[in-house]
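Ready for a little practice at reading a structure residue by residue? Keep the viewer open and try each task before you read its solution.

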Amino acid sequence: MLRRNTFRRSAAVAGLLGCLPLTVQADFVDDSAVSLGLRNLYLDRDFKQNNAPTSRVGNWSQAFDFRAISGYTEGPVQFGLDLSAQYAFRLDGGGGRGPDGIIPYDRSEGEQASEWGRAALTGKMRFSKTELKVGEHRPKLPVAFFDDSRLMVTTYHGFSVETKEIDNLSLTAGRFTRMSGRESAGSEKMYLFNGPDVRIRSDGLNFGGGTYAFTSALSATYFYGQLEDIYEQHYFGLAHLADLGSGYKLKTDLRYFDNSEDGDAYYGNIDNQSYGAMTVLSKGAHSFGLGYQRMLGDSAFPTLSGYAPQPYLVNWSTIAFIKPNESSWQARYEYDFAGMGIPGMKMMTRYMRGTGIDRGGDQSENVESEFNLNLGYVVQSGALKGLGFEWRHMDIKTRYGAGAASGNDFKENRLITTYTFKF
């Protein structure tokens, strides 16, 4: 359930605003942005393999995402305060289904929760082009990325500093000590999600890095992440956008990760390096993409609590293609129906296939694949302007072992309706 702290924190914000001088409130309040996001999600995952633990999981649920982003006070050192609150409830009646990665699941009772929520504050301070934030974060970093793919949003808790004092250079550093997963009503210390089990949790994720733009078309990125006593991570990235003329553009991304164990190594030795390349050719409403990703070393790519996303891997997806020694590729096509006179409608489809997975012993012949089809539409005008509809379809097939036995096969459909009120 949504905790009483939500309302206590809201009252605290209102009290703080009342104590601010009127001249300070002008920027603090007038530059603020308040919104309420609504998301309705229906998910159905149908397992196709033989002897599946359960034949089907899914739910129909409604979520609310309230955000009050303040402006800054006046003066050389400026202050602000943000509030966020998320709340969701299940619409489809009984909760006797298994865990689906969306709704909190009580294993002792064997039931999904009927409602859940959480709230948080973020204090911020700005001087010149440097900003400090303490509290809740929704980062988009190579070492920590928030998850907005389901019902509620994954968030992190701690502090971060971002500076753009040097032209063309953006630097970010910080420390996250806790994480609120997409199916969580609270926060918890972080752990290695794809480890053998949840062992000792880390005291925090330390990170730092930046991006430098050599030109408007070429940029390089480096980031370091340390999940204390579990793993350390180095990321290198290079992005280039070429104008080929006649309306053609070619975007190329080269990405590399180096992962190893850290400190007391709660999950044992970690040995993983990955590199990937993604190139996208576009003209007008059409985009064609090809990607390749390779895992090296004896370990899978380490992922954070709750299977937090890692879209800096070029083939990140539902099954991610991150197993030891795995080679994977993807072919992708996107179309913007504005080219046919239907602005607001977009389509993406892709096929990914991974091979060469090292599962130990004689289990060397294996293949896994994923097909995605996403179709979305956002109303462009009228009373329903901004109302969004989306259909996401996934088809997962896996064949593991020398006998090519069926693995975790399923088909999944998601129907999503979104709308954001802006005040």
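The exercises below go from the whole chain to single residues.

This is a predicted model, in which local features need pLDDT of at least 70, side-chain atom pairs count only at pLDDT 80 or more, and totals for chains, interfaces and linings use all residues. Residues are numbered from 1 along each chain as its sequence is written, and side-chain values use heavy atoms, with hydrogens and water left out.

**Exercise 1. The whole chain**

Find how many helices and strands the protein chain has, and what share of its residues is buried.

Step 1. Helices (H or I, at least four residues) and strands (E, at least two) are DSSP runs, numbered from the N terminus. The protein chain has two helices and 23 strands.

Step 2. Buried means under 20% relative accessible area, exposed over 50%, and partly exposed in between, with a 1.4 Å probe and protein chains only. By that rule, 44% of the 423 residues are buried.

Step 3. Now look at contacts, meaning heavy atoms within 4.5 Å. Among contacts in the protein chain with a separation of 6 or more, 59% are between residues 24 or more positions apart.

**Exercise 2. Strand partners of β1**

Work out how β1 pairs with β2 and with β23, and find the partner of Phe47 in β23.

Step 1. Two strands pair if DSSP finds at least two bridges between them. Strand β1 (residues 33-47) runs antiparallel to β2 (residues 56-69), with 14 bridges joining them. One position to look at is Leu36, which stands opposite Phe66 in β2.

Step 2. β1 also pairs with β23, again in the antiparallel sense, over 13 bridges. Here Phe47 has Phe410 of β23 as its bridge partner.

Step 3. Stay with Phe410 and look at its ring face: Arg45 lies over it, at 4.1 Å from the ring centre. A charge sits over a ring if NZ of Lys or CZ of Arg is within 6 Å of the ring centre and within 35 degrees of the ring normal. Another such case is Lys124, whose charged end is over the ring of Tyr72, 5.1 Å from its centre.

**Exercise 3. Glu412 and Thr154**

Is Glu412 buried or exposed, and what does its side chain meet?

Step 1. Glu412 belongs to strand β23 (residues 410-422). Its relative accessibility is 0%, so Glu412 is buried.

Step 2. A polar contact is a pair of N or O atoms within 3.5 Å; within protein, one must be able to donate a hydrogen and the other to accept it, and residues adjacent in sequence count only if both atoms are side-chain atoms. The side chains of Glu412 and Arg414 make one at 2.6 Å.

Step 3. Leaving out residues up to four places away in sequence, Glu412 touches several others, including Leu43, Arg45 and His393.

Step 4. Compare Thr154, in the loop between β9 (144-145) and β10 (155-163). Thr154 is buried because its relative accessible area is 3%. Its side chain reaches the backbone nitrogen of Arg182 at 3.2 Å.

**Exercise 4. An aromatic pair**

Classify the ring pair of Phe145 and Tyr312, and say which parts of the chain the pair ties together.

Step 1. Rings of Phe, Tyr and Trp (its six-membered ring) pair if their centres lie within 6.5 Å; planes under 30 degrees apart count as stacked, over 60 as edge-to-face and the rest as tilted. The whole structure holds 20 aromatic pairs.

Step 2. The centres of Phe145 and Tyr312 are 6.2 Å apart and the planes are at 70 degrees, so this pair is edge-to-face.

Step 3. Phe145 is in strand β9 and Tyr312 in the loop between β17 (286-296) and β18 (327-336), so the pair ties together parts 167 residues apart in sequence.

Step 4. Phe145 is buried, at 16% relative accessible area. Phe145 and Tyr312 also belong to one aromatic cluster with Phe146, Tyr235, Phe257 and Phe301.

**Exercise 5. Two positive phi values**

Which phi values do Ala265 and Asn325 have, and where is each residue?

Step 1. Most residues other than glycine have a negative phi.

Step 2. Ala265 has a positive phi of about 50 degrees and lies in the loop between β15 (248-261) and β16 (271-283).

Step 3. For Asn325, phi is near 65 degrees, and the residue is in the loop between β17 and β18. Asn325 is partly exposed, at 30% relative accessibility.
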